[in-house]
Amino acid sequence: MMLIPCPWCGPRDESEFHYGGQADVRYPENPQTVSDEDWGRFLFFRDNPKGVFAERWVHAAGCRRWFNVERDIVTNEIHPAHEATTRTVTR
């Protein structure tokens, strides 16, 4: 069992959450101008590090709010959660 710390509800069992993928991946500002290759990268390419990774989660069985955590992929240790940001990641 993994406890995920919701910033609003506190630590809860992982079964109350849904995984939302890599944190801070933004939809393209002008999708009409994005090449097919870049669109494919946006849809399918994500980082896959061994170690700490920024993730998005939604507390589906609780407050239903999105937030980000940094989780060590190897140990499942979760670092403090924070509300999802709107900053853009440059690839």
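**Group meeting: a walk through a predicted β-β-β-α-β-β-β chain**

Hi everyone. Reading from the N terminus, the elements of this chain run β-β-β-α-β-β-β. That gives one helix and six strands, where helices (H or I, at least four residues) and strands (E, at least two) are DSSP runs numbered from the N terminus.

Some ground rules for you all. This is a predicted model, with local features needing pLDDT of at least 70, side-chain atom pairs counting only at pLDDT 80 or more, and totals for chains, interfaces and linings using all residues. Residues are numbered from 1 along each chain as its sequence is written, and side-chain values use heavy atoms, with hydrogens and water left out.

Let me start with the whole chain. Of its 91 residues, 26% are buried; here buried means under 20% relative accessible area, exposed means over 50%, and partly exposed is in between, with a 1.4 Å probe and protein chains only. Now take the contacts, meaning heavy atoms within 4.5 Å. Among those in the chain with a separation of 6 or more, 50% come from residues 24 or more positions apart.

Next, the sheet. Two strands pair if DSSP finds at least two bridges between them. Strand S3, residues 18-22, pairs with S4 in the antiparallel sense over three bridges, and there Tyr19 stands opposite Trp57 in S4. S4 is antiparallel to S5 as well, over seven bridges; in that pairing, Ala54 has Glu70 of S5 as its bridge partner. How many of the seven residues of S5 are buried? Five are, and S5 is mostly covered. As background, side chains in a regular strand alternate between the two faces of the sheet.

On to the nonpolar core, by which I mean a set of buried Ala, Val, Leu, Ile, Met, Phe, Trp, Tyr and Cys residues joined through side-chain atoms within 4.5 Å. The largest one has eight residues: Met2, Ile4, Cys6, Phe17, Trp57, Phe67, Val69 and Ile78. Strand S1 (3-6) and strand S5 (66-72) each supply at least two of its residues. Trp57, the residue we just met opposite Tyr19, is a member too.

Now for charges, and here I have a question for you. Which residue forms a salt bridge with Arg71? My cut-off for a salt bridge is a side-chain nitrogen of Lys or Arg within 4 Å of a carboxyl oxygen of Asp or Glu. The partner is Glu55, with the closest N and O atoms 2.8 Å apart. This pair links distant parts of the chain, since Arg71 sits in strand S5 and Glu55 in strand S4 (residues 52-58), 16 residues apart. Both ends are covered: Arg71 counts as buried at 14% relative accessibility, and Glu55 is buried with a relative accessible area of 1%. A search of the whole structure finds one salt bridge.

Asp72 is also in strand S5. Asp72 is buried yet has no salt bridge; the nearest side chain of opposite charge belongs to Arg71, 7.6 Å away. For charge, Lys and Arg count as positive, Asp and Glu as negative, and His and the chain ends are not counted. Leaving aside neighbours within four places in sequence, Asp72 is in contact with Gly51, Val52 and Glu77.

What about the cysteines? A disulfide is a pair of cysteine sulfur atoms within 2.5 Å, and the search of the whole structure finds zero of them. Cys6 is in no disulfide, and the nearest cysteine sulfur, that of Cys63, is 3.6 Å away. Cys63, likewise, is in no disulfide. Their surroundings are worth a look: Cys6 counts as buried at 4% relative accessibility, whereas Cys63 counts as partly exposed at 27%.

Last stop, the loops. Val74 lies in the loop between S5 and strand S6 (78-83), and at 54% relative accessibility Val74 counts as exposed. The C-alpha atoms of Val74 and Lys50, 24 residues apart along the chain, are separated by 6.5 Å. Not counting residues up to four places away in sequence, Val74 touches Lys50 and Gly51.

For the backbone fans, Asn76 is in that loop between S5 and S6, with a positive phi near 65° in a residue other than glycine. Asn76 counts as partly exposed at 37% relative accessibility. Arg64, in the loop between S4 and S5, is not a glycine either and has a positive phi of about 65°. At 64% relative accessibility, Arg64 counts as exposed.

Thanks, everyone!
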